[in-house]
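Subject: The structure for you to look at

Hello,

Here is the structure I promised to pass on. Have a look at it first, and then read on for a tour of what turned up.

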Amino acid sequence: MQELTADAAIELRGIDKSFGSVHAVRGASLRVERGSITGIVGENGAGKSTLMSILYGLHRADAGEILVEGRPVQMASPRDAIGHGIGMVHQHFMLVDSFTVLENLILGAEGGPLLAGGLAAARTELARLARDYGLAVDPDARVADLSVGEQQRVEILKVLFRGARILILDEPSAVLTPQETDRLLEILRLLRDRGVTVVLITHKLREILSVTDKVIVMRRGEVVAERRTAQTDAEDLAELMVGRKVRFDLDKEPTRQGETRLAARHLSLVDRRGVRLLDDISLDVKAGEIVGIAGVSGNGQSELLQVLAGIRPPTGGEMEACGRRVDAAHPVDPAEMRDLGVAHVPEDRLRQGLVPAFLASETSILGYQDREPFCHNYLMDGPAVGKYCADLMERFDVRPRTPGLRSSNFSGGNQQKLILAREMARNPKVLLVGQPTRGVDIGAIEFIRRELVRSRDAGCAVLVVSVELEEILSLADRILVMFGGRIVGEVAAGEADERTLGLMMAGARAA
Amino acid sequence: MEEALTLVVATLAATLRVATPLVLCAMGGLFSEKSGIIDVGLEGKMLMAAFFAAATASLTGSAWAGVGAAILAAEMLALLHGFACITHRGNQVVSGIAINILAMGLTVVLGTAWFGRGGQTPPLAGTERLNPIFFPVAGDNILVYAALLSVPFAWWVIERTRFGLRLRAVGEVPLAVEAAGISVSWLRYRAVLICGLLAGLAGAYLSIAQNAGFSRDMTAGQGFIALAAIIFGRWRPVPAFGACLAFGLLDAIAIRLQGVKLPGVGEVPVQLIQALPYLLTLFLLAGFIGRTVAPKAAGVPYEKEH
């Protein structure tokens with residue numbers, strides 16, 4: 001590791017920021033040394049991204065001071081940040097899909113009112129960057145046709161192209177396979193060795209520990225600790241992030257499997273444009289087991305969940321859910337699936353799991369609103385619904401325990417707990433769960449995973465789809481890997497490790 | 001033989017005459033929509049411009065003053081649309097419809113108050129109109145040439161300039177534009193202003209070039225047809241131009257067919273013929289256009305994420 005220089009590339013002093021009644025950042029101060037990799041960790045909502053958005057000029061701080069290379073600066077817009085040599089790779093890529101790599105590269109740095117000259121110069125510069133940093137991308141490829149890893153490379157190239165000396169990455173590995181992540185970390189080391197200052201925002205401790213020189217921990221909008229990476233470990237950081245001891249391992253009983261509750265045979269799904277989204281999917285989920293579906297986001301997992309939940313009919317193949325046969329000619333709707341005992345916690349909470357403007361109590365009965373005791377003679381029974389919701393909130397530790405509060409006012413973790421409570425409360429025979437802990441803080445993650453295991457132990461057949469490999473590894477009894485709409489591998493939980501799964505997720509066919 | 005040739009040439013000239021306001025409007029709308037601002041208010045801008053062009057030309061005796069007034073009037077409405085949709089992030093369709101209603105009402109009210117002819121302006125003649133340059137019969141006034149030039153110009157600006165690149169980007173991923181250090185609002189305002197300029201010319205063409213004065217509701221849905229042409233053209237200038245010509249041709253044929261007895265059918269009702277462009281619009285919009293080609297951010301007000 002290279003020797004840390006003492007002078008600061010960035011210094012933040014007493015940064016404060018509120019959005020309405022939410023106090024997102026409270027008096028945060030930190031220093032980032034020049035030519036180092038600094039990690040910023042914290043739970044969702046800890047204020048990491050907000051703090052970096054302030055540094056990049058996307059938001060203005062209510063109070064506090066920003067110093068770049070020792071000089072106080074004003075960051076009124078990203079233009080200022082770019083002018084001070086700061087570049088940011090956002091969690092959601094800021095790329096125009098329909099543009100080529102080159103067009104994306106020069107957007108905002110075109111080098112003149114006409115494009116021709118700027119494009120030619122950028123082509124030369126891109127070749128140089130590709131050589132110097134090992135970041136090869138086809139300049140004429142359309143961004144929409146690139147893999148996620150390549151798109152991220154374009155984002156990094158954009159920043160370097162603008163001559164940035166300070167690179168901020170916001171959750172860069174959220175969408176990558178383990179192999180792509182390793183590649184990214186290598187690139188970051190190379191950048192540091194060439195004098196670029198890197199700030200890495202993440203909640204993945206493995207990355208922090210493997211690549212950073214220093215870690216800054218945020219909790220509830222405050223900087224709560226700063227550690228040399230060499231002098232800390234995952235347990236220490238997790239405890240600092242959450243503010244109490246955290247247990248990563250789930251104690252699970254061995255599975256006691258019963259009859260097959262959900263079976264799919266050669267399921268396929270072809271969309272209107274003829275794109276094959278699901279291809280020859282066969283799987284079984286038995287009572288008392290958790291089947292995990294691993295894969296990089298966008299490889300057919302979402303579509304599989306939709307088909308299994310009865311939201312979209314398959315175009316080929318068949319499935320059987322709790323005794324009901326479903327195929328293209330005999331579709332089923334989600335309400336009937338629910339009647340059969342198939343519960344579904346959708347992966348997109350805010351679009352499919354709840355209506356943000358509805359009250360928590362209304363969310364707690366969505367999909368079951370026609371049933372007793374919530375509804376008599378076409379009229380809703382508000383007090384009964386409220387009482388039911390209060391009861392669910394108590395059992396699933398949803399905070400605050402206010403059935404009359406709008407769903408959108410709950411944190412991601414509490415929304416998820418409420419949806420999970422709704423679906424699990426009726427002791428379903430089959431439970432389909434998409435991304436159970438996406439955007440959920442560590443405390444709630446623990447709780448949700450335990451509940452899923454408890455429901456398995458109670459004899460429910462559970463299918464979990466997650467892009468978090470670590471989650472699949474800790475929950476599943478059996479792991480299926482999806483790639484390009486197919487199931488490319490199956491591994492028993494005991495025999496699975498991150499490397500082999502990662503290779504399968506990247507499409508390298510394994511045994 | 002010669003008669004047939006004359007007929008073809010006359011029909012083509014008529015096509016161009018009818019298509020001119022559509023082309024100007026469509027190119028203007030294209031700039032606005034490329035930037036992510038849907039412009040249902042093309043119709044209203046054109047109508048308002050047509051009224052002010054004729055009114056000013058009639059009062060000053062100068063066609064050029066009329067053109068200036070037309071542009072000014074359309075730009076005021078463009079700014080209003082921008083203020084509602086860009087600055088205040090209002091609903092773009094609602095704002096556009098409001099502008100249409102405003103123009104429809106205001107032109108009649110002002111026309112009646114100023115000229116007292118039931119919403120019409122006094123007939124224009126001589127220098128009060130834009131007259132044909134080379135071929136008096138064809139009606140090739142300067143705005144026809146402006147419309148023809150606006151197509152390669154729009155293509156060049158959108159495809160070959162920095163402004164065009166940013167325009168395309170802001171209609172797709174405004175956040176990426178903001179993150180690149182470019183002002184989303186200023187970019188969109190400029191697009192909306194270009195739209196106002198071209199819609200203003202289209203309006204002036206209607207009342208002081210093609211016709212000799214303003215009559216109430218004289219745009220008769222041409223702003224919407226221009227909008228349809230943008231969609232048929234999949235938000236690209238040259239195909240949109242083609243769509244405008246197709247509408248123009250249909251209209252020209254319709255005019256020619258009036259009163260003509262077709263073999264086996266008899267005389268085709270005028271109303272049916274006049275409805276053809278609108279029916280074609282409906283038919284094409286309903287069936288033939290995929291939804292994937294529109295600028296992704298069109299119609300979505302831009303708000304910074306938290």
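Before the tour, one term: two strands count as paired if DSSP finds at least two bridges between them. Please also keep in mind that this is a predicted model.

With that in hand, let me begin in chain A. Strand E11 (residues 260–270) of chain A is joined to E12(A) by seven bridges, and the two run antiparallel. One place to look at along this pair is A:Val270, which has A:Arg276 of E12(A) opposite. Both strands belong to an open sheet of four strands in chain A, with the order E12-E11-E14-E15 and antiparallel pairing. Why is one side of strand E12 and of strand E15 left without a neighbour in the sheet? Strand E12 (276–286) and strand E15 (324–327) of chain A stand at the edges and each has a single partner strand, so nothing in the sheet flanks the other side. On average, neighbouring strands here are turned by 15° against each other, direction ignored. Helix H9 (residues 301–308) of chain A lies across E11, E12 and strand E14 (316–321) of chain A, and its direction makes an angle of about 60° with E12(A).

Next, the nonpolar cores. In soluble globular proteins, nonpolar side chains tend to be buried together. In this model the largest nonpolar core has 153 residues, and A:Leu188, A:Leu191 and B:Ile208 have the most contacts inside it. The element that gives the most to this core is helix H8 (residues 184–210) of chain B, with 13 residues. Apart from this core lies another, of 33 residues, including A:Ile290, A:Phe396, A:Ala444 and A:Leu452. If you would like to zoom in on B:Ile208, its contacts beyond four places in sequence include B:Ala53, B:Val67, B:Leu124 and B:Arg129.

Staying in chain B, you will find B:Thr219 in the loop between H8 and H9 of that chain. Is B:Thr219 buried or exposed? Its relative accessible area is 2%, and buried means under 20%, so B:Thr219 is buried. Leaving aside neighbours within four places in sequence, B:Thr219 is in contact with B:Glu43, B:Met46, B:Leu47 and B:Leu206. As for H9(B), nine of its eleven residues are buried, so this helix is largely enclosed by the rest of the structure. Among the buried ones are B:Gln222, B:Ile225, B:Leu227 and B:Phe232. After H9(B) comes B:Arg234, which has a positive phi, near 50°.

Finally, the empty spaces. The second largest pocket holds about 680 Å³ of space. Its lining is made up of 30 residues, and B:Val18, B:Gln210, B:Asp251, B:Ala252 and B:Ile255 lie nearest its centre. Helix H1 (2–34), H8, helix H9 (222–232), helix H10 (237–257) and helix H11 (270–287) of chain B each give two or more residues to that lining, and H1(B) gives the most, with nine residues.

There are also two cavities of 30 Å³ or more in the structure. About 120 Å³ of space lies in the largest cavity, which is lined by 13 residues. Nearest its centre are A:Tyr56, A:Met88, A:Lys158, A:Val159 and B:Ala179. Strand E6 (86–89) and helix H5 (148–161) of chain A are the elements that give two or more residues to the lining of this cavity.

Happy exploring, and best wishes!

Conventions. Residues numbered from 1 in each chain as written. Chains lettered and ligands numbered in written order. Predicted model: local features only at pLDDT ≥ 70, side-chain atom pairs only at ≥ 80, totals over all residues. Heavy atoms only, no water. Core = buried A, V, L, I, M, F, W, Y, C linked by side-chain atoms within 4.5 Å. Buried < 20%, exposed > 50% of the residue type's maximum accessible area, 1.4 Å probe, protein only. Contact = heavy atoms within 4.5 Å. Axes fitted to C-alpha atoms, helices over the stretch in contact; angles between N-to-C directions. 1 Å grid on protein atoms, 1.4 Å probe; cavity = no way out; pocket = protein on both sides within 12 Å on 5 of 7 lines; lining within 4 Å. Points joined across faces, edges and corners; volume = space filled by probe spheres on them.
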